[in-house]
Amino acid sequence: MTPRELPLEPPVDVALARAVPTLPTAPPGRRLAYEPKFDGHRLLIFRLEDAVRMQARSGRIITRAFPDLETAARPLPPGTVLDGEVVVWAGGRTDFAAVQKRAFAASGSRASRLARELPASYAAFDLLATGAEDLRPLPYAQRRARLMALLEPLGPPLQAVPMTTDPGLAATWYEALPEIGVEGLVIKDLDQPYRPGRHWRKVRHSETRDAVVVGVVGPRLRPRALALVLPGDDQPVISAPLSPGVRAQLTTALRERPEQPERSEQPERPAPQPPPGELPTAPDRVGAEIAYLPITPDLTVEVRQESTVRHAATTVIRLRVPD
């Protein structure tokens, strides 16, 4: 098999989930699948003929950030394409800040060191292709069965996420799993093909979630807003204006950190860069582009996301302080 015969190569548009307020149940004659929603880093793994490639949700290729997963994926048959979340476990819980540190700050020797210090696990929730076959048109139930058969012989760090079709068990998961850092469930129709867009559903246990700070808007030690990366994404967004209390917390934390993030090696497929001398930009809550100063991604904040007909706002509640 040559690379040209593989059914899927990066970049591939991913399926997404829309938020719903309560745990849905299936209408008569249909069944739903319920999966834990890990707040990690969305990642597609492509086992090509002679290499492994890893794609973030945005389409960026970030293989070098996860050398441990690249090694783990090599036994997969050529043509395999997995969709899932990278997570890092610490103290029996998933650590969102740790996995983002790896995804955004890792390169070269630093990537290898972080792989030893913060080993990654891959929670696969879909199988998009295998061999020469594109599986996306198949019902989810069939893709799930083939995913389980593929990954079961391999074991960690590549594992399929748990899944149930029992609404009662799903409700139990919803109540119990936040203790290990799982913030909700993703719900899929067993007859559903894999399609880009928000065709899945998700219900979160909390109105707030954690986000990683990747930049500041305004003076470095007295920022007006933050550039944030939210779980499952790798494209920064700009927060709403910060409250005085949050600004005071950040002033103390930022004084103790490097002014600039570590320079990474050239990515395998470079992301768009601003012209020389200009700062990176990210969309704010109403869609405009706002420049921000990048910082080392080792601060985590708790945020609340609110949507209206006109815009979506990401409000920073507080700085997360490590236990």
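Ile-45 of strand β3 has Leu-82 as its bridge partner in β5, and on the β4 side its bridge partner is Met-54. This is a predicted model, and Ile-45 is a good place to start reading it, since the residue comes up again in the core. For the wider setting, the secondary structure of the protein comes to six helices and 18 strands. Of the 323 residues, 48% are buried. Among contacts between residues at least 6 apart in sequence, 69% join residues at least 24 apart.

**Strand β3 and its partners**

- Strand β3 covers residues 41-47, and seven of its seven residues are buried.
- Burial holds for both faces of β3: one side carries His-41, Leu-43, Ile-45 and Arg-47, while Arg-42, Leu-44 and Phe-46 are on the other.
- Strand β5 (residues 81-90) runs antiparallel to β3, and six bridges join the two. The Ile-45 to Leu-82 pairing belongs here.
- Strand β4 (residues 52-56) also pairs with β3 in the antiparallel sense, over five bridges. Here Ile-45 is matched with Met-54.
- β3 and β4 make a hairpin, with four residues between them.
- As general background, strands of a sheet pair through backbone hydrogen bonds, either parallel or antiparallel.

**The nonpolar cores**

- The largest nonpolar core has 38 residues. Those with the most contacts inside it are Ile-45, Phe-66, Leu-69, Leu-82, Tyr-122 and Leu-158, so you will meet both Ile-45 and its β5 bridge partner Leu-82 here again.
- Another core lies apart from the largest one; it has 31 residues, among them Leu-6, Leu-32, Tyr-34 and Val-186.
- Tyr-122 is worth a closer look. Leaving aside neighbours within four places in sequence, Tyr-122 is in contact with residues including Leu-43, Leu-44 and Ile-45, as well as Leu-69.
- The contacts of Tyr-122 also include Leu-82, Asp-83, Gly-84, Glu-85 and Val-86, together with Pro-157, Leu-158 and Gln-159.

**The four-stranded sheet**

- Elsewhere, four strands form an open sheet in the order β1-β11-β10-β2, with mixed pairing.
- Its edge strands are β1 (15-19) and β2 (32-38), each of which pairs on one side only.
- On average, neighbouring strands of this sheet are turned by 40° against each other, direction ignored.
- β1 and strand β11 (residues 197-204) run parallel and are joined by five bridges.
- Within that pairing, Ala-17 has Trp-200 of β11 as its bridge partner.

**Around Trp-200**

- A search of the whole structure finds three aromatic pairs, and Trp-200 takes part in the two described here.
- With Phe-125, Trp-200 forms an edge-to-face pair, 5.8 Å centre to centre and with 90° between the planes.
- Because Phe-125 lies in strand β7 (residues 120-130) and Trp-200 in strand β11, this pair ties together parts that are 75 residues apart in sequence.
- Phe-125 and Trp-200 are both buried.
- Tyr-194 and Trp-200 are also edge-to-face, at 5.9 Å centre to centre and 75° between the planes. Tyr-194, like Trp-200, is buried.
- Phe-125, Tyr-194 and Trp-200 form one aromatic cluster.
- Lys-188 joins the picture too: its charged end sits over the ring of Trp-200, 3.9 Å from the centre of that ring.

**Cis peptide bonds**

- Pro-10 and Pro-11 are joined by a cis peptide bond, with omega about 0°. Pro-11 lies in the segment before β1.
- A cis bond also runs from Pro-156 to Pro-157, and its omega is near 10°.
- Pro-157 is found in the loop between α4 (140-151) and β9 (158-160). You may recognise Pro-157 from the contacts of Tyr-122.

**A spot toward the end of the numbering**

- Ile-295 has its place in strand β17 (residues 293-307).
- Ile-295 counts as buried because its relative accessibility is 4%, against a cut-off of under 20%.
- Arg-257 and Ile-295 are 38 residues apart along the chain, and their C-alpha atoms are separated by 8.5 Å.

How values were computed. Residues numbered from 1 in each chain as written. Predicted model: local features only at pLDDT ≥ 70, side-chain atom pairs only at ≥ 80, totals over all residues. Heavy atoms only, no water. Pairing = 2+ DSSP bridges. Axes fitted to C-alpha atoms, helices over the stretch in contact; angles between N-to-C directions. Core = buried A, V, L, I, M, F, W, Y, C linked by side-chain atoms within 4.5 Å. Buried < 20%, exposed > 50% of the residue type's maximum accessible area, 1.4 Å probe, protein only. Contact = heavy atoms within 4.5 Å. Phe/Tyr/Trp six-rings, centres within 6.5 Å; stacked < 30°, edge-to-face > 60°. Lys NZ or Arg CZ within 6 Å of the ring centre and 35° of its normal.
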